[in-house]
Amino acid sequence: MPKVFFYCDESGAKGYADQDETYPGEIGVFAGIMVPEEHLVTVKPAFDNLAAHYRPASGKLHIADLTPEKQEAMRNELFALIKSTHLPCFWYSIHVAGLHAHHQQLVNLYKQQREALRAERGDTGPRIKGRSLREEPASMHVQLFEGLYAHLVAFLLERERQEVDIEIRTDQVDTPLVKRFTDVAKELLNNDPHVTETTGFDTIEKKVVTGSVTTAVKWPPELDFSPVVRSLSIDKMPDSDGLVLAADALANSLNYLFKHRGHDALYGSLNCKDAVAQHPLAAQLDTFSNWGSGDVIGDGIYRHPKRAADSYVRERP
C-alpha cells in the first residue's frame, strides 16, 4: 500500500471552543473514505458518473438543493457503491458542549494560577500582558480533522503498513485551514522537541518580550509509529468529484444519526463502533480489528458535561 487517497468532509458544528451548543447534544463530525491507489482508477469513475447524474444543468451540485426523494435516492446509491467497492470508512466526532467545557476549564485554571502567583508576589497587576486562552480557543474543525487523521494512521498501523504516502482530498476549504490541517497532521507523528513561542508586553520596561517552552517526548520502541507515513498532501477538489460527494453524504448521515439519538444516548460516546451500529454503513465504519479501550480525547477529555465522569469508564468496550 504505497499510497492511499483519503476523501473527507465535515458536517454539523465547526466553530470554536468558546461557543457552547445551540441545541442539546450538538456535535461536529468529520468523515472520510479511504481508497488505495491501485483501486482508484476503477473506483473513481463509478462515483463520478453517479455525481454527474444528479448534477443540475447549471451551477454546482448541493445535496440540500435536491428534493428529499432525490437526496435519499442519491445517498442510497452512494452507500451501495461504497459497500460494493469495499472501501473502509472513518469518522471522528466531538460534542460542542464538551469542547466548550474543556476550554472553560483551561481558562479558569489559567486565571486561578495567575491570581495565585500575583498574590504570592504581592503584585497589583500582571507585569507581562499577553494573549489569553479566551483569545485563542481551539477550532472544532481542526480538532475533528486531527482525530479523523489519527484514526486513519491507526488503521494503517494496525495493518503494519509503513512508508505510506497519504493524499487527503476534500472540498473547497480555505487555504489557511488547509495549512492548519497539515500542521496538526505532521505534529501527530513528529517525535522532535516541540517549541512553543509567545510574546507579551512588559508594562514596567515598556517593551515587547518573548518567551518559549520546549516539550520533548520519547516514545518506547513499541509505540514509535513515525515510519507509517512517508508523505502527506492535502488537495482541494471540485464539487464534481464523486468521492468527495460520497464523503459529504457520509458526514451528513452521521450528523443526522447522532442528532437523533434517544435521550439516554444523546450525550454518550461518539467514537466507538456501538455509536454507529444503526448506520447503513456500520460494517464499513467498523474498520479496526481491535478498538482498544475507547477514545480518550473526543469521548474522554471532550465528553459532554451532562455525562457523568465515571460513565466514560463504564461505556468503554
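Begin by selecting Glu158 and Arg159, whose side chains form a salt bridge with the closest N and O atoms 2.9 Å apart. The model on display is a predicted one. Glu158 is partly exposed, at a relative accessible area of 31%. Its partner Arg159 is also partly exposed, with a value of 27%.

**Asp165 and Arg230**

Next, select Asp165 together with Arg230. Their side chains meet in a salt bridge, at 2.6 Å from N to O. Asp165 belongs to strand 5 (residues 164-170) and Arg230 to strand 8 (residues 229-236), so this pair ties together parts that are 65 residues apart in sequence. Colour Asp165 by accessibility: this residue is buried, because its relative accessible area is 15% and the limit for that class is under 20%.

**Other salt bridges**

Add Lys3, Glu167 and Arg169 to the selection; salt bridges link these residues in a network. Then move to Glu10 and Lys14, which form a salt bridge whose closest N and O atoms lie 3.3 Å apart. The two partners may be inspected in turn. Glu10 is buried, with a relative accessible area of 13%. Lys14, by contrast, counts as partly exposed at 46% relative accessibility. The structure holds eight salt bridges, and those visited here are among them.

**Helix 4 against helix 5**

Now hide the side chains and display helix 4 (residues 140-158) and helix 5 (residues 175-188) as ribbons. Two packed helices are described by the angle between their axes and the distance between those axes. For helix 4 and helix 5 the angle is about 45°, and the axes are 9 Å apart. Helix 4 is therefore oblique to helix 5. The crossing of helix 4 and helix 5 is right-handed.

Which residues of helix 4 and helix 5 meet? To see them, restore the side chains at the contact in two selections:

- In helix 4, select His141, Val142, Phe145, Glu146, Tyr149, Ala150 and Val153.
- In helix 5, select Leu177, Arg180, Phe181, Val184, Ala185 and Leu188.

Colouring this contact by residue class shows ten nonpolar residues, one polar residue and two charged residues. Glu146 in helix 4 and Arg180 in helix 5 are the charged members, and His141 in helix 4 is the polar one.

Finally, return to Glu158, the residue at which the tour began: helix 4 spans residues 140-158, and Glu158 forms its salt bridge with Arg159.

Key. Residues numbered from 1 in each chain as written. Predicted model: local features only at pLDDT ≥ 70, side-chain atom pairs only at ≥ 80, totals over all residues. Heavy atoms only, no water. Axes fitted to C-alpha atoms, helices over the stretch in contact; angles between N-to-C directions. Helix = DSSP H or I, 4+ residues; strand = E, 2+ residues; numbered from the N terminus. Parallel < 35°, antiparallel > 145°, perpendicular 65-115°, else oblique. Left-handed = near helix turned anticlockwise from the far one by under 90°. Contact = heavy atoms within 4.5 Å. Salt bridge = Lys/Arg side-chain N within 4 Å of Asp/Glu carboxyl O. Buried < 20%, exposed > 50% of the residue type's maximum accessible area, 1.4 Å probe, protein only.
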